[in-house]
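Please explain how the pockets of this protein are lined and where its charged side chains pair.

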Amino acid sequence: MTTTFNKCLMAGALPLAILLSSSAFAQESKGQGEVEVLNWWTSGGEAKALGALKDKLADDGIGWQNMPVAGGAGTNAMAVLRSRITSNNPPTAAQVLGYDAQDWADRDALSSLDDVAKAGNWDKVFPQPIQRFAKSGGHWIAAPFEIHSTNWVWANTSMMDELGIEQPNTWEEFIASMKKAQDAGHTGLAYGGQPWQDATVFENVVLATGGADFYRQAMIDLDPKALDSDTMIKSFDRFRELLQYKDDNSPGRDWNLATAMVIKGDALYQIMGDWAKGEFLNAGLTPEQDFMCFRTPGTQDAVTFNSDLMIMFKNDDDQQQSMQRTMAEIIGSPEFQITFSQLKGSVPARTDLSSDGLDACAKRGYEQAKTAAESNTLMGSMAHGYAAPAGVKNAVFDIVSSFVNGNMPSDVAAEQLAMAVQGARS
């Protein structure tokens, strides 16, 4: 098979020699050429995190050609990747989420990373909910970058102080605080009206309304009775209540522009995954001082997650294979896991690391993720490809966005959701 390679990956910190000084893979890869990596990391915080990988590869003599495809949750990127594969021209590697990694593994398109995983003890250090997607048929087919969790609220501390708002712990307190901000002339909820963002907020509401067991039944097990239930109707009712506090200009807004509304003091809250924190950090703001982070009220006992995975495509070029192994080893190493999360806003996917180098939000999030993994409440995000395959996810997107952009009653929405999921599965 003939493949073309450009240059791709990231720019950051921490000398690669520390990571690879004892690595046989490092010795193989010196001066090998360049890699091409498809990704959708285009915002400020994401670009800095991507730069950390690019720099570490450069330290080892590996060049990089970036292949960015803008668009949150990777929907656009996956379309481009399918086109590349169809044209028999795969990139060296690609950033993907959960079920997409499994899809390419099922097509026998991916290189095995078992040798890297064995050397790095990946079976012991990465939690089972991530291994569920990073392995296929008992073999490692993806390198996990981090754990992102989606049930976070990001808050403007100055506005909270100005309005006398305490951190809300219940749904009722959450709604009351947004009403207080709106009554004072502010936007209560910074919101991006795109299907994946609609679904991100909606899954928060489902978890807050029904708890972890209901979320698993509805969003992961796809139980028709749960999808068309009184609890789901209540979830849609609460979602409609929440939507009252977004602004009229939200349709089509990118997630990072919604984050900027909170950063600038134009909005009180944003419900978004912890990649949003990378934007606050990129703006020079300090967690727990300039902005607050807390779990969406009602979801404090669970963590909905996604984990960016790097998959490597099969290649008969020995040098390219060596560079793929080097890349995987870097991504899975303790030092890089910390460095990447410091820049990206995430927490390490490895569970065996010290949190000393993480900021206040990440320290809390890291401990919560580890606790959730132990208690079986670390659950895949529907909106981000870790709860159901793409066909089901897109069916959920359609119903949820129709609800956001129309006047669909909650009972009709629940019924339509169950029907859409059933149709996508058949």
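The paragraphs below treat the pockets and then the salt bridges of this model, which is predicted.

The largest pocket holds about 380 Å³ of space. Its lining consists of 20 residues, and those nearest the centre are Gly74, Thr75, Met78, Lys393 and Asn394. Four helices each give two or more residues to this lining: H4 (75-86), H5 (98-106), H11 (195-220) and H19 (390-404). By character, the lining of the largest pocket comprises 8 nonpolar, 7 polar and 5 charged residues. Where does the largest pocket lie with respect to domain 1 and domain 2? Both domain 1 (34-148 + 306-379) and domain 2 (150-305 + 383-425) give residues to the lining, and therefore the largest pocket lies between them.

The second largest pocket contains about 270 Å³ of space. It is lined by 21 residues, with Trp40, Glu46, Gly71, Gly72 and Trp255 closest to its centre. The lining of the second largest pocket divides into 8 nonpolar, 9 polar and 4 charged residues. Domain 1 and domain 2 each supply at least three residues to the lining of the second largest pocket.

The discussion now turns to the salt bridges. The model has 14 salt bridges, counted as a side-chain nitrogen of Lys or Arg within 4 Å of a carboxyl oxygen of Asp or Glu. One of them joins Arg216 to Asp213, with the closest N and O atoms 3.6 Å apart. These two residues are 3 residues apart in helix H11, so about one helical turn separates them. Is each partner buried or exposed? Arg216 counts as buried because its relative accessibility is 19%, and the limit for burial is under 20%. Asp213 counts as exposed because its relative accessibility is 55%, and the limit for exposure is over 50%.

Another salt bridge is formed by Asp359 and Lys277, at 3.0 Å from N to O. This pair links distant parts of the chain, 82 residues apart: Asp359 is in the loop between strand S14 (347-348) and helix H18 (360-375), while Lys277 is in helix H15 (residues 276-282). Asp359 has a relative accessibility of 19% and so counts as buried. Lys277 also counts as buried, because its relative accessibility is 1%.

A further salt bridge pairs Lys344 with Asp308, whose closest N and O atoms are 3.8 Å apart. Here too the pair links distant parts of the chain, 36 residues apart: Lys344 is in helix H17 (residues 334-344), and Asp308 is in the loop between strand S12 (303-306) and strand S13 (309-312). Both Lys344 and Asp308 are buried.

Methods
Residues are numbered from 1 along each chain as its sequence is written. This is a predicted model: local features need pLDDT of at least 70, side-chain atom pairs count only at pLDDT 80 or more; totals for chains, interfaces and linings use all residues. Side-chain values use heavy atoms; hydrogens and water are left out. On a 1 Å grid over the protein atoms alone, a cavity is a set of points where a 1.4 Å probe fits but cannot get out, and a pocket is an open set with protein on both sides within 12 Å along at least five of seven lines; lining residues have an atom within 4 Å of a point. Grid points are joined across faces, edges and corners, and a volume is the space filled by probe spheres set on the points. Ala, Val, Leu, Ile, Met, Phe, Trp, Tyr, Cys and Pro count as nonpolar, Asp, Glu, Lys and Arg as charged, and the others, Gly among them, as polar. Domain bounds come from an automatic or database domain assignment. Buried means under 20% relative accessible area, exposed over 50%, partly exposed in between (1.4 Å probe, protein chains only).
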